[in-house]
Amino acid sequence: MTDHDYGAVAAEIKKIIPNDDYDDGSTGPVLVRLAWHASGTYDKETGTGGSNGATMRYKIESSDSANNGLEYARKFLEPIKAKFPWISYSDLWTLGGVVAIEAMGGPKVPWKPGRVDDVDDQYVPPNGRLPDASQGADHIRSIFYRMGFNDQEIVALSGAHNLGRCHGDRSGFEGPWVPNPIRFTNTYFKLLLHAEWVKGKNSVGNEQFYSDDGELMMLPTDMSLVTDPKFRVWVEKYAADRDLFFKDFSAAFSKLIELGVTRGPEGLALRKYSTVARARL
Ligand code: HEM
Ligand SMILES: N=NC(=O)c1ccncc1
């Protein structure tokens, strides 16, 4: 692989994180969500989906309602793609999440280049592989076990809900999880355990949980992290130990953005699965 200056790309991404005209003043949370959704379609049994290929460029995937709102993130990164045309979208989108996490005070996340963008939509994974926020622990496990994650990693990754907010016109849920949604901390876990959460219906008719002052929220899937005993063990650990959360989140997010990436001797990603597996998409 020729040596491109990925540090220069990262520095350019860092410049667009603060944004007084967007949400809570930062593009960081939606960039993290883009990196996660671009990777979270992976299926370990068939080797399909994942961050390689940047398949969300194709309508089939970008129009999946689970990806509502990610057009903002993709647009924020377009000028950087124009400035560094040699970087793949697959690498740009994952690097965007990594840079955003660190810029918001989170841990360094190991990231490697070499993803290759698909040239057509033949490898687009089927919709429906991302989690449904209205469900519970069994559903979360089915989604994340499919990707190859365990309970500890599921809880660590869920800590990304310390960032950003829900938007009624995107997901049908509303509000932030924590008081400062543009700083990466373990507050999400402390609130899950120690705040009072009351079930209610939001303005678009979906059930979610509200803090006593009505300012903060939790999704039904968030609440399953404290009602399910095996998840709860890790919520308690991460609420008590920020450094442990940072270490585990960094490892899990690095694993997430590598899903679907098999590199050849030159470091470039190869398509891992056969036409047979593709036929099963
Ligand atoms: C456990 C399964 C998960 C469910 C059901 C879920 C669901 C949701 C929903 C419904 C939203 C609101 C989207 C919107 O209206 O803008 C959201 C936002 C977000 N999610 Fe998740 N999520 C899950 C896991 C994750 C993971 C694993 C990550 C990253 C590691 C993540 C990162 C984010 C971020 C950063 C936001 C805020 C985006 C913004 O502020 O625009 N989520 N999530
Ligand atoms: N982080 N996950 C999400 O943003 C999401 C997942 C599924 N459906 C809507 C939104």
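Me: Which side chain meets Asp 91 in a salt bridge?

Reply: That would be Arg 115, with 2.8 Å from N to O. Keep in mind that this is a predicted model.

Me: Where do Asp 91 and Arg 115 sit along the chain?

Reply: Asp 91 is in helix α5, while Arg 115 is in the loop between α5 and α6 (137-147). They are 24 residues apart, so the pair links distant parts of the chain.

Me: Why would two side chains like that pair up?

Reply: Side chains of opposite charge can pair when their charged atoms come close.

Me: How many salt bridges does the rule count?

Reply: The count comes to 15.

Me: OK, new topic. What domains does the assignment give?

Reply: Domain 1 is 6-130 + 254-280, and domain 2 is 137-250. Their C-alpha centres lie 22 Å apart.

Me: And how many residues does each domain bring to the contact?

Reply: Domain 1 puts in 32 residues and domain 2 puts in 22.

Me: How much area do they bury between them?

Reply: About 2300 Å², with 57% of it on carbon and sulfur atoms. On the domain 1 side, Asp 24, Met 104 and Lys 255 lose the most area to domain 2, and together they make up 24% of what that side buries.

Me: How many salt bridges go across that interface?

Reply: The rule finds two between domain 1 and domain 2.

Me: What about Asp 24, which side chain does it meet in a salt bridge?

Reply: Arg 165, at 2.9 Å from N to O.

Me: How many residue pairs are in polar contact across the interface?

Reply: There are 15 such pairs, counting those with both residues at pLDDT 80 or more.

Me: Which helices supply the domain 1 side?

Reply: α2 (28-39), α5 (89-103) and α11 (242-257) each give at least two residues to the side that touches domain 2. The largest share, four residues, comes from α2.

Me: What's the mix by class on that side?

Reply: The side of domain 1 that touches domain 2 has 16 nonpolar, nine polar and seven charged residues.

Me: Switching to the metal: which residue is the protein donor for the iron atom of ligand 1?

Reply: His 161 is the only one, through NE2 at 2.2 Å.

Me: Where is His 161?

Reply: His 161 is in the loop between α7 (151-158) and β1 (165-166).

Key. Residues numbered from 1 in each chain as written. Chains lettered and ligands numbered in written order. Predicted model: local features only at pLDDT ≥ 70, side-chain atom pairs only at ≥ 80, totals over all residues. Heavy atoms only, no water. Domains from an automatic or database assignment. Contact = heavy atoms within 4.5 Å. Buried area = accessible area lost by both parts, 1.4 Å probe. Salt bridge = Lys/Arg side-chain N within 4 Å of Asp/Glu carboxyl O. Polar contact = N/O pair within 3.5 Å; in protein donor to acceptor, adjacent residues only side chain to side chain. Nonpolar A, V, L, I, M, F, W, Y, C, P; charged D, E, K, R; others polar. Donors = N, O, S within 2.8 Å, 3.2 Å for Na, K, Ca; no water.
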